[in-house]
Amino acid sequence: MNPETLLLLGLGAVAIVVAARWFGTRTGLPAAALLTVLGILYALLPGPNVALDPHVVLTFVLPPLLYSAALDSSLLAIRANLRIVIGLSVLLVFATALLVGAGFALFVAGATFAAGVAVGAAVAPPDPVAALAVGRKVGLPPRLITIIQGEGLLNDATALTLLNVAVAAAVGGHFSEAKAGALFLLVAAGGAAVGVAVAFAVRLLRPLARDPLPANAISLATPFIAYLAGERLHVSGVLAVVVAGLIVGHDTPRSGTGASRLQTTAVWRLVDFLLEGFVFLLIGQQLPAVIRGLKRYDTSTIVIAVGISIGVALLLRPVWLALTQAAHLLLRREDEGLNAREIAVLSWAGTRGVISLAAVFTLPLTTASGAPFPDRDLLLFCTFTVVLVTLVGQGLTFAPLVRALGLRANEVDEALLRNEARIASVHAALDRLEELEQDEPADTAAVESLRTRMQERLRRYEHRLDMLQSAESDEVPVSERYEAALRIRRLAIEAQREELLRWRDAGTLPDEGLRRLERELDHEERVLPERPE
């Protein structure tokens, strides 16, 4: 494929990703499902197509997506829900792979247990991107968001390790559950250690992170360094990326400057938006390559294999969640369990994605004897079908399910907590001003001016707190006076921006001066609460 064609494909993909985001925002449909369907439609048309290179995905796509998700996660919240997260991201992945392997060995003609475990490992790890996008939009409780995030961060390492063991057995050996478990513990511990080391190295580079440009360069390089270091040491590069991201994200509020944090966040949002969009388009475009190798299989064999893969992927998850909740009640654990509505939502949040396809595409073409890898084309089709059914089926129905169950965060409680934190921070600032006056000479006028502004802010926060405490519903009360003040501030900022543009257009103000002054207005506008257009 020549560079011009590749560039045209890239620009076309960007246009489709932007259009899907726009359409999804206005219709409520998940962009991930829309892009997957569009990718399938494009694959059926004549013209150039993009083949999935699993090594490119695992090396260049997976690390930044995982790292960005880890930065956006909460280390403390994941630790608080570690029992559920480990159960879903480790134990459920093992159970899914082994059950699919047993199903293939028993019911699929000519299939081996190792080959079944390979496809089971590929379809076991959910990709939470679609579920999280919908969950945040419909207001899922923070605890469920944390569980879905934590599972998505950790399950890839489990699945890829188990896949390697299954492939080794299918190529030239015997599958051993004990070997799989021991290898997983080894590579997981090593990956976590590499992640801690990389996070510590980033902490040592903290003085450079005060400048936004070096901070962005370090942040973008970190997931690739962690992944390559893990892979070179033959441990889990995926887990190294996740652990590094969780620790760096936990440390970020203490490091760098406000400008570097704002810019780094904006950069990662753009990276996520483009990579996720390309990934879902790429999933759909693999349909011709997956179907091409099915001609030598009987229809009954294909139906049975696909039925086992989809059945285990969809049914084992709710059964697992229900059984672990029953065990939680019997053992009377101190940590909070899951109710029936939460189990239903988590059961339907198991959408699979590009990691499953990338994993199964890494299956070798031949075994150690030179014979074709057993049922490779069938395994590819089973994995693609599971990804398609979960991504489109569950993706399109996840939001209606959450709304029907009435499971959403208590917005008033969350707003109360944020407002109490704001009040505490203002009190800390006022206390610091008093200390400043007592400990060293200070500009009295400057201190009094700042104290007046902080006290006015404190009065606004206390008034907001009174409104929240007296709220009679779970929705945040709206103050007409506050909304009017927001509208007036936006109108004033817009008037300032228009006047600066008139100065620039008249040749009075140079473009450099305009950009600097407009940046000040942009920061002022950025702190205003977002409202629907």
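Here is a short chat about salt bridges in this predicted model.

Student: How many salt bridges does a search of the whole structure find?

Tutor: That search turns up 13 salt bridges.

Student: Take Glu151 and Arg317: why is their contact called a salt bridge?

Tutor: The cut-off is an Arg or Lys side-chain nitrogen within 4 Å of a carboxyl oxygen of Asp or Glu. For Glu151 and Arg317 the N to O distance is 2.7 Å, so the pair fits.

Student: What makes this a link between distant parts of the chain?

Tutor: Glu151 sits in helix α8 and Arg317 in helix α14, and they are 166 residues apart. Both Glu151 and Arg317 are buried, too.

Student: Why does the contact of Arg497 with Glu518 count as a salt bridge?

Tutor: Their closest N and O atoms are 3.6 Å apart, and the limit is 4 Å, so the pair passes. Arg497 lies in helix α20 and Glu518 in helix α21, so the salt bridge ties together parts 21 residues apart in sequence.

Student: And how do you know whether Arg497 is buried or exposed?

Tutor: Buried means under 20% relative accessible area; Arg497 has 12%, so Arg497 is buried. Glu518 has 24%, which falls between 20% and 50%, so Glu518 is partly exposed.

Student: Which residues are linked with Arg497 in a network of salt bridges?

Tutor: The network links Arg497 with Glu494, Glu518, Asp522 and Glu525.

Student: What makes Arg504 and Asp511 partly exposed?

Tutor: Arg504 is at 27% and Asp511 at 36%. Those values lie between 20% and 50%, so both are called partly exposed. Their side chains meet in a salt bridge at 3.0 Å, N to O.

Methods:
Residues numbered from 1 in each chain as written. Predicted model: local features only at pLDDT ≥ 70, side-chain atom pairs only at ≥ 80, totals over all residues. Heavy atoms only, no water. Helix = DSSP H or I, 4+ residues; strand = E, 2+ residues; numbered from the N terminus. Buried < 20%, exposed > 50% of the residue type's maximum accessible area, 1.4 Å probe, protein only.
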